[in-house]
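Open the structure in your viewer and keep the selection panel at hand. We will go from stop to stop together.

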Amino acid sequence: MDLAEAPARAPRTAAAYKSSYKPIWCPGCGDFSVLSAITKALAKLDLTPENVAVVSGIGCSSRIPAYTSCYGFHGVHGRALAAATGLKVARPDLTVLVTGGDGDGYSIGGNHFLHACRRNVDLTYVVMDNHVYGMTKGQPSPTTEPDWDSKLSPGGTGVRAFHPLVIALASGANFVARAFSGDPNGTAEVIAQAIVHPGFSFVEVLSPCVTFRPEQRDWKDAVHPAPVEATDDPARAARRIMTDDGFNLGVLYKGNRAPYKGYPAPARAGVADLEKEFEL
Amino acid sequence: MPNASPQKTHAAGGVSIALAGSGGSGVMTAGTLLLTAAAGAGYYGLMVRTSGPQIRGGEAAALLRIAPHPIDGLDDRFDALVALDWGNVQRFADEIPLAAHSVVVGEEAEGEAPEIYRASGARYVAVPFKKTAKSIAGSWANMVALGFAGALAGLPREALHEAAKGTLKKAETVAANLAAIDAGVAAAQGVGGVTPLPPPGPRSRARWLISGNEAAGFGAIRGGVRFVAAYPITPATEMLEWMAPALAKIGGALVQAEDELASVNMIVGASYGGVPSLTATAGPGLALMTEGIGLAVASETPIVVVDVMRGGPSTGIPAKSEQGDLAIATQGLHGDAPHLVLAPTSIADCVATTQWAVALAEKLQAPAIVLSDQFLGQSRAVVDRPDELALDAKRIVPEPNAPDYKRYRDTPSGVSPMAVPGNPGTVYTADGLEHSEGGIPSGNVRDHQLQLDKRARKIAQHDYGERWADVEGEGEAAVITFGSASIAAREAVARLAAQGVRVKLIVLRLIAPLRTAELARALDGVSRVLVVEQNHSAQFHRYLRSLADLPARQQSFHRPGPLPLRPGELAETIAAWRNA
Amino acid sequence: MTADAASSLDAFFAAAIAMEEEAAQRYEEFADAMDTHNNAEVASMFRRLAAVEARHADELMAQRGWTALPLMPRIEFEGCEGPETTPADAVHYLMTPWHALSLALANEERAVRFFEQLARSTTDETVRRAALEFKAEEEEHVVLVREWMGRVEKPPVDWAVDPDPPRYTD
Ligand SMILES: Cc1ncc(C[n+]2csc(CCOP(=O)(O)OP(=O)(O)O)c2C)c(N)n1
Ligand code: SF4
């Protein structure tokens, strides 16, 4: 679908995808804008809210489902992709979005991240990366800089940061993009493309934690749009992602790998037919 | 343990034959064909597999028991051990107990049987299995052994032929191996030691040949399960391997998850989507799943977790049976987390109990753990076709645009309609965080109390009917047991009854919630109980004591795996306890 | 900035309305967040600002006789969002009405620069005249907000100090 040709008058506005329940995020948190971007993307695609499910784990960012007017599933820490995989395979008719943080997705849920990428189920995974565990009061996450000082890791962890986009690409994600919460319209555009793109779409959104990483307010001066269009060549995409400055925004890779094949097929037999193999 | 009356046990218990050999000898195939032949001839039977730790080529044994009546478990002794070679077969000495009347049949070329088998006083017979097979071009030694074992048991030659023809493909292979079977039958003439089976009774109803793992998988599908996610683990894997193609045929799906954390969360997600869902695992996997099961409790999402128990803790003894996961299944969840725990009582009952678990999970919107075990799961039996159960497994869902919909509404039954994504006007967010009736996260004292009460009430107040336990016999002394331990216990009680010793038997099928009122009724007039289970720390006894008023006189019989509980050992224990 | 806004009077109005709406939504969002964080004073300040912007958008719609925007322009100016939109990360739960007004002031000043630049860059005379008109209006707003700021208390130096640590809510 060409997004430029999306209907000029969307029958549903972004507001139609927001619930009346108000976020508990710190004022200034980037996640507000990601919520707004998600609702704008849904409006842009004019999806029926009850046919969309938003699945998350635990973390500040994982609170998003209840803030939407879609069906929501707020599960346990790190397991959002697993729950979403089950939901999407069981209900391929639904549009399934997965939302969460860098701790939720790359640390406790790291294994599911790899396998969701390689399984290539048609999901859209939006990670609000603030390089910190916000909800537990500011501990380093897998994307935190090695020298970032914190109570739990005085002087820094000394451990190099994880590169989610490269990992996603290497693991087989079919769509890899970077967005910035300070640009909710651009983020909405990217998320809408991610939803439309078949297979597993990964959108890493730089989303400042103003409470534990107030210096991330400077991200708005660092970000810039990607100078070139998305490629479908994973090798090129890998080189670009590995060598960019981490603030290169846009769709960086759009693959054409066949999506997951294990969705239920129409029944060929009834339960009674299954008995035959046991009969003597 | 002295064998008081081997002849009597034998007469009551059919024929028990063990086939053993190293990898490549084909004893498992021979065992399976022997069971198939017995079934074809109109008998019931059971085959238990046991093997060394090697992936390929290790020593293996097929332990069979065949009788004219239904057979759920193994006997105390084997009438015959037929070994194609002795390479490491002595390892099975504990699993293949022999008696003085038994016969040990060994490959002639291998020399004497190991001392450990001869110590029983069993007679040794040497048979040239390999030479015989060599003399019939294209035939295999295990087929000679099949003919030999079949003849010992008294199975008709035609039944052995039919069983072999059912698996062999090429015409010349069939001809050669039928000849090999005949040679085995001829070699067995006059060997004796085994009382041949009496003629089978008439076949009154259809029979199945099925393993407990297949039975649990089939029961789940009968119950409505259409989505499975799982991570392979012995001894649950065969259940999954059976379900994968079965689900594909009937419009369902199975996902191989990356680990058990994923599998449990995947089924929670799928069930949230309205599709009845299940996973199967063993102890290590169940331990990883407990957080996710707690999520199913809190979010009120129906799921079924089949735990095919094996020796624990940790990796333990993967391919051996033990009832050591009762404690984690009943008590292992964090927080106050009411849920269901069920245990099938036989291979055939794996069908009904798993189906019931699905129905209860769906009805009560709660997780159900089914405690199967390696013995039930990996053994194969001839059983009467399990009846179709008319169970109401309907999940209660709201109408489209239901007015003032609240997902977690406090209802008298504790069950509240669960909207399925796609249903208009009832959008909500399922949550593992404590929540209000509307599903909004809440740490409020009233909400917490209300939701805890609601979740406890729906489990406690449900009418579980008669199925909660099998209560059999009368007497002031009662044996209480569950799961596969009940198989040997039931046979022990039957043997005692045949001797005029009356003991009541209570086999629990619904472990949690414990039906304390029904149990009290079942214990009416009972002045002492013996609790029988297969684990090291008497988990079931402790569980019962923590919740039920058992008579003051109570005793526990608990023994860990890997050896199965034997009916004779239990009959003796029960008799001694009763006379104490 | 979108070149579109300078291309025709309709496009210009669509952009102007969209930027007012976006600004109003952001103020609304801030107001909700401040309510959630028990900063009622600032919440009501943001709600008033939101109302002003929303009213302005409605007036422009009425002026054009529109019930819905004919096109959905995306306007970016000096950042990723519209000229009157407060950056999402510019707020703090302990902020004072003075801070809220200073954010509004920055927005109005940005709007002045936006219309000024638009007037300079357009080749369409009708657009140029409209842009200058809007610029003048925004300049009035700047004055109003400045006056308003004079009427509210200046924040103490320690306005952001919270003696209690953040709470765990995981
Ligand atoms: C099993 C488990 N371990 C730990 C926690 C505590 N916990 C909650 S959220 C969180 C980290 C959140 O960080 P992130 O995913 O980056 O999200 P953010 O809050 O920054 O949006 C942790 C460790 C938990 N809820 N469950
Ligand atoms: S702690 Fe950080 S991530 Fe969490 S709501 Fe506050 S600003 Fe956002």
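What follows is a walk through two ligand sites and then a handful of salt bridges. Please keep in mind that this is a predicted model.

**Stop 1: ligand 1**

Start by selecting ligand 1 and colouring by chain. Between which chains does ligand 1 lie? You will find it between chains A, B and C.

Now show the residues around ligand 1: there are 18 of them, and the closest are A:Cys60, A:Ser61, A:Gly103, A:Asp104 and A:Gly134. Next, highlight helix α4 of chain A, residues 102–108, which supplies four residues, the largest share of this shell. Colour the shell by class and you should see six nonpolar, eight polar and four charged residues.

Turn to the oxygen atoms of ligand 1 and pick out these contacts:

- A:Asp102 has a side-chain N or O atom 3.1 Å from an oxygen of ligand 1.
- A:Gly103 offers a polar backbone atom, 2.8 Å from a ligand 1 oxygen.
- A:Val132 also places a polar backbone atom 3.1 Å from an oxygen of ligand 1.

With those contacts on screen, add a surface. Taken alone, ligand 1 exposes 590 Å², and the protein buries 81% of that.

**Stop 2: ligand 2**

Select ligand 2 next. Which residues are around ligand 2? In chain A, select A:Trp25, A:Cys26, A:Cys29, A:Cys60, A:Asn130, A:Gly134, A:Cys209, A:Val210, A:Thr211 and A:Phe212. How many residues of this shell are charged? None: the shell around ligand 2 divides into seven nonpolar and three polar residues. You may recognise A:Cys60 and A:Gly134 here, as both are also listed among the closest residues to ligand 1.

**Stop 3: salt bridges within each chain**

Clear the ligand selections and bring up the charged side chains. The count over all chains comes to 58 salt bridges, and we will visit one pair in each chain.

In chain A, select A:Glu189 and A:Lys44, whose side chains form a salt bridge with N and O 3.0 Å apart. This pair links distant parts of the chain: A:Glu189 sits in helix α7 (residues 184–196) and A:Lys44 in helix α1 (residues 31–45), 145 residues apart. Switch on accessibility colouring and both come up as partly exposed, A:Glu189 with a relative accessible area of 24% and A:Lys44 with 25%.

In chain B, go to B:Glu569 and B:Arg559, where the closest N and O atoms of the salt bridge are 2.8 Å apart. B:Glu569 lies in helix α19 (residues 567–579) and B:Arg559 in the loop between β21 (553–558) and α19, so the pair ties together parts that are ten residues apart in sequence. Is B:Glu569 buried or exposed? With a relative accessible area of 15%, B:Glu569 is buried, whereas B:Arg559 is partly exposed at 21%.

In chain C, select C:Arg146 and C:Glu109, another salt bridge, at 2.8 Å from N to O. Here helix α4 of chain C (residues 125–151), which holds C:Arg146, is linked with helix α3 (residues 97–121), which holds C:Glu109, and the two residues are 37 apart. Both are partly exposed, C:Arg146 with a relative accessible area of 48% and C:Glu109 with 26%.

**Stop 4: a network to finish**

For the last selection, take A:Lys22 together with C:Glu28, C:Asp32, C:Asp35 and C:Arg47. These residues of chains A and C are linked in a network of salt bridges.

Technical notes:
Residues numbered from 1 in each chain as written. Chains lettered and ligands numbered in written order. Predicted model: local features only at pLDDT ≥ 70, side-chain atom pairs only at ≥ 80, totals over all residues. Heavy atoms only, no water. Near = heavy atom within 4 Å. Nonpolar A, V, L, I, M, F, W, Y, C, P; charged D, E, K, R; others polar. Salt bridge = Lys/Arg side-chain N within 4 Å of Asp/Glu carboxyl O. Buried < 20%, exposed > 50% of the residue type's maximum accessible area, 1.4 Å probe, protein only. Polar contact = N/O pair within 3.5 Å; in protein donor to acceptor, adjacent residues only side chain to side chain. Areas by Shrake-Rupley, 256 points an atom, 1.4 Å probe, with all protein chains shown as cover.
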